[in-house]
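Q: I am new to this structure and would like to learn how to read its features one at a time. Could we go through it together?

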Amino acid sequence: MITASGICKRANLLLLLLLLPVVIFSICAGAQAAHEKSMSPHSISALRSKAEAGDVTACFKFAEALEDGNGVPRDYAEAASWYRKAANLGHAAAQNNLGAMYALGHGVPQDANEAFRWYMRAAAQGFAPAQNNVGYLYSTGTLKDEVQALYWYQKSAAQTYPPALSNLAHLYGEGLAVQKDEQHALKLYRQAAELGYAPAQEMLGLLYFQGRGTQKNMAEAATWIRKAAEQGFPLAENHLGFLYEHGYGVEQDLKQAAKWYGEAAAQGLPEAAQNLQTVSTNLQSKK
């Protein structure tokens, strides 16, 4: 997954905002399927029995349980095996998730070609997450082809799949395979953001912060960045901390800044840890 750089306070703010890219946010894994709540041993046993009897939906759901460690110990290798059974029976979500296993090297050797092959099989069935993943592979790595990326993102976005809307926004924002149109990029990010997609909410907030495709609006920036941060998106948590530290779109509050920097740092974001240290030092000096 490609993510945006965090706002680093050691850089000149104006220069940093000019350089801050609109980037691709993509999920390579997952089938946009709501994973079930914690499953009981009885439910797992019944599900496995159906899967062993050849029920394709049960094969897929059992694979999900194994991948997530839901009701059973997490076992990527066995999950991949059950995804493969369902995928070979034409289950599009299983094909997509098996592609993700190859992309990530979970339970199978990491293999971009196999990932692409399985994503494409699901994409050919019209499965929006797989279409987005095919587009992502065309946006990156050895398959680099922005025209093909545009094609697949458009097909996925036509089904209002939020990551594809966000990725398509990136192409318009940067003028990749299309004429640059920051206003249309803003519109697409907003569409994905309103569907609750945290990376798009974060990017929409940054566009309002920078005034790209719209007038600068710090209050709107803070609103959208907060929505993403409240979903636990670490880049947004870090940026919300920045807004509180400097009073952009919110009342300046170093305690709130420290809180949000801390949330992002706890998820392993290095710049958030640095920002937290700086703010904590400032708070100590004011005691």
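Q: Which residues form one aromatic cluster with F209?

A: This is a predicted model, and in it F209 forms one aromatic cluster together with F242 and Y248.

Q: How is a pair of aromatic rings described?

A: A pair of aromatic rings is described by the distance of the centres and the angle of the planes. By the rule used here, the count comes to seven aromatic pairs. One of them is the pair of F62 and W82, which is edge-to-face, with 5.5 Å from centre to centre and 75° between the planes. This pair links distant parts of the chain, since F62 belongs to helix α3 (residues 56-68) and W82 to helix α4 (residues 76-88), 20 residues apart.

Q: Is F62 buried or exposed, and what about W82?

A: Both F62 and W82 are buried. An edge-to-face pair is also formed by F209 and Y248, at 5.5 Å centre to centre and with 80° between the planes. Here too distant parts of the chain are linked, with F209 in helix α11 (residues 198-210) and Y248 in the loop between α13 (234-246) and α14 (254-266), 39 residues apart.

Q: Why is F209 called buried, and why is Y248 called partly exposed?

A: Buried means under 20% relative accessible area, and partly exposed lies between that and 50%. F209 has a relative accessible area of 2%, so F209 is buried, whereas Y248 has 26% and is therefore partly exposed.

Q: Which charged residue sits over the ring of W82?

A: The charged end of K85 sits over the ring of W82, 5.3 Å from its centre. In a further case, K227 lies over the face of W224, at 5.6 Å from the ring centre.

Q: How should I read a single helix, taking α14 as the case, and how many residues does α14 have?

A: One can look at length, then at cover, then at the ends. Helix α14 has 13 residues and reaches 18 Å from its first C-alpha to its last, close to the 18 Å expected at 1.5 Å a residue. Its buried residues are L254, A257, A258, W260, Y261 and A264, and what covers them includes α12 (218-229), α13 and α15 (270-285). At the N-terminal end, D253 caps α14, with a side-chain oxygen 3.0 Å from the backbone nitrogen of K255, and just after the helix G268 takes a positive phi of about 90°.

Q: How many helices and strands are there in the chain?

A: The chain has 15 helices and zero strands, and buried residues make up 49% of its 287 residues.

Technical notes
Residues are numbered from 1 along each chain as its sequence is written. This is a predicted model: local features need pLDDT of at least 70, side-chain atom pairs count only at pLDDT 80 or more; totals for chains, interfaces and linings use all residues. Side-chain values use heavy atoms; hydrogens and water are left out. Helices (H or I, at least four residues) and strands (E, at least two) are DSSP runs, numbered from the N terminus. Buried means under 20% relative accessible area, exposed over 50%, partly exposed in between (1.4 Å probe, protein chains only). Rings of Phe, Tyr and Trp (its six-membered ring) pair if their centres lie within 6.5 Å; planes under 30 degrees apart count as stacked, over 60 as edge-to-face and the rest as tilted. A charge sits over a ring if NZ of Lys or CZ of Arg is within 6 Å of the ring centre and within 35 degrees of the ring normal. The expected span of a helix is 1.5 Å times one less than its number of residues. Contact means heavy atoms within 4.5 Å. A polar contact is a pair of N or O atoms within 3.5 Å; within protein, one must be able to donate a hydrogen and the other to accept it, and residues adjacent in sequence count only if both atoms are side-chain atoms.
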